Number of protein chains: 2
Amino acid sequence: MRRTKKERQQLLISTINDNPFITDEELAEKFQVSVQTIRLDRLELSIPELRERIKTVAEKRFDDEVRSLPIEEVIGEIIDIELDQSAISIFDVKEEHVFQRNKIARGHHVFAQANSLAVALINDELALTAKANIHFNRSVKLNERVIAKARVIKIDENALRTYVEVTSFVNNELVFTGNFEMYRSKNH
Amino acid sequence: MRRTKKERQQLLISTINDNPFITDEELAEKFQVSVQTIRLDRLELSIPELRERIKTVAEKRFDDEVRSLPIEEVIGEIIDIELDQSAISIFDVKEEHVFQRNKIARGHHVFAQANSLAVALINDELALTAKANIHFNRSVKLNERVIAKARVIKIDENALRTYVEVTSFVNNELVFTGNFEMYRSKNH
DNA sequence: CGAAATCTTATGACTAGGTACTAAGAGTAG
DNA sequence: CTACTCTTAGTACCTAGTCATAAGATTTCG
């Protein structure tokens, strides 16, 4: 035995882990044992065969793609609204909204909450965002609840524009401010 | 012939495209032709076999993970990137991204593409949006393809800020511009 | 030391999901 | 009717395995 069985199996785990695309034959070559030994090792360690490993990696990617695509219709739940005046929504930050690495919410979700609240506030069937000036005051983390408050600042009947200010808080701490210039299709 | 060859092959392409995990046998069943016909079709269309397809999907995921930002955290598909310099992504507007009434893309999706591109561009493990100034020039509609181009304008080493400009186009027509002030954790 | 236990290797039969090639029948257009 | 395309069938072969059995090699223990 060049290495003990235990040593080899430990190495096998980490080897496959950082390259799931390796075949039993390559592993046998690498560890200078027979292919059968590698197969027994995999059996003992419950490591699936190459093709299954690849499939798992591929499926994971596929799931991620499907999951990351749709941002729901309205981001956050509107709990109070007075058209053309003010509105409030809450948004709970979950796993799917944060960067895996540091559990900080991706900016576009916080923006999306504010933006969709601004859209909802406009009493018009066609409300679009024309411009926005936004500011992320502090980062929002996993499991925090963001409360966004939107307020109409000005309505410009001629230019068909409505100006909305949105401020978002976590525990009364300001995390985001945004000034939205919204387009509307009809005079009010 | 239940369908013409052309029709079948077109359907084959899209079927495999949205489920690369389907076998020839399942395809044969689906199109009510023999397995051999499916194989001839794949040969003509240069569509690789199931295992190769799965492998490609898996490898793509693997490659992406190695890069500075995992793919599932990006809205749109990054097709070109030079860290700290420029990047390009494409985003196809689908049903789930538009207002039901008028089939216009919700602003936050266009923003999300631009914002996540700006994040990806920063060569740092912690890149966050601090501020943004955005402008929606014209509305984006269902089935349009948005091409976002991001460019680093300035890097402020002291303030740990990187300024990124993103311009998004549909058929060479400007639909969105955004100026992002990005926070980074480390000096470059 | 020798038997028992563990570890390693070999062998054979079988599998999925194919490729590559040959052959033949069906349907259609000129 | 012939020529051609399209479809189906069948064979041999491939990879990267599984599963089961058997036997050799090595280590451990009494």
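The questions below ask on what grounds terms are applied to this predicted model of two protein chains with DNA strands C and D.

The model is predicted, so local features need pLDDT of at least 70 and side-chain atom pairs count only at pLDDT 80 or more, while totals for chains, interfaces and linings use all residues. Residues are numbered from 1 along each chain as its sequence is written, chains are lettered from A and ligands numbered from 1 in the order in which they are written, and side-chain values use heavy atoms, with hydrogens and water left out.

Q: What makes a residue count as near DNA strand C, and which residues come closest?
A: A residue is near a strand if one of its heavy atoms lies within 4 Å of it. By that criterion 16 residues surround DNA strand C, with R8(A), S34(A), Q36(A), T37(A) and L50(B) the closest. Of the atoms of DNA strand C that come within 4 Å of the protein, 71% belong to sugar and phosphate.

Q: Why is the approach of T37(A) to DNA strand C called a polar contact?
A: A polar contact is a pair of N or O atoms within 3.5 Å; within protein, one atom must be able to donate a hydrogen and the other to accept it, and residues adjacent in sequence count only if both atoms are side-chain atoms. An N or O atom in the side chain of T37(A) is 2.4 Å from a phosphate oxygen of DNA strand C, so the pair qualifies. A polar side-chain atom of R8(A), at 2.8 Å from a phosphate oxygen of this strand, also qualifies, as does a polar backbone atom of D24(B), at 3.0 Å from a phosphate oxygen.

Q: Which elements supply the surface near DNA strand C, and what makes a run of residues a helix?
A: Helices (H or I, at least four residues) and strands (E, at least two) are DSSP runs, numbered from the N terminus. At least two residues each come from α1 (5-18) and α3 (35-45) of chain A and from α3 (35-45) and α4 (50-66) of chain B. The largest share, three residues, is that of α3(A).

Q: How do you know which polar contacts the protein makes with DNA strand D?
A: The 3.5 Å limit is met by a polar backbone atom of D24(A), 2.9 Å from a phosphate oxygen of DNA strand D. It is also met by polar side-chain atoms of R42(A), at 2.9 Å, and by an N or O atom in the side chain of R8(B), at 2.8 Å. Elements giving two or more residues to this surface are α3 and α4 of chain A together with α1 (5-18) and α3 of chain B, and α3(B) gives the most, with three residues.

Q: How are the residues near DNA strand D divided by class?
A: Ala, Val, Leu, Ile, Met, Phe, Trp, Tyr, Cys and Pro count as nonpolar, Asp, Glu, Lys and Arg as charged, and the others, Gly among them, as polar. The surface near DNA strand D has five nonpolar, four polar and nine charged residues, and the surface near DNA strand C has four nonpolar, four polar and eight charged.

Q: Why is the pair R42(A) and D24(A) called a salt bridge?
A: A salt bridge is a side-chain nitrogen of Lys or Arg within 4 Å of a carboxyl oxygen of Asp or Glu. The side chains of R42(A) and D24(A) meet at 2.7 Å, N to O, so the pair satisfies the rule. This pair links helix α3 of chain A with helix α2 (residues 24-31) of chain A, 18 residues apart. Together with R39(A), these residues are linked in a network of salt bridges.

Q: Why are R42(A) and D24(A) placed in their accessibility class?
A: Buried means under 20% relative accessible area, exposed over 50%, and partly exposed in between (1.4 Å probe, protein chains only). R42(A) has 11% relative accessibility and D24(A) has 9%, so both count as buried.

Q: What class do E165(B) and R151(B) have, and what makes them a salt bridge?
A: Their side chains meet at 3.1 Å, N to O, which is inside the salt-bridge limit. The pair joins strand β5 (residues 161-170) and strand β4 (residues 145-156) of chain B, 14 residues apart. At 25% for E165(B) and 44% for R151(B), both values fall in the interval for partly exposed.
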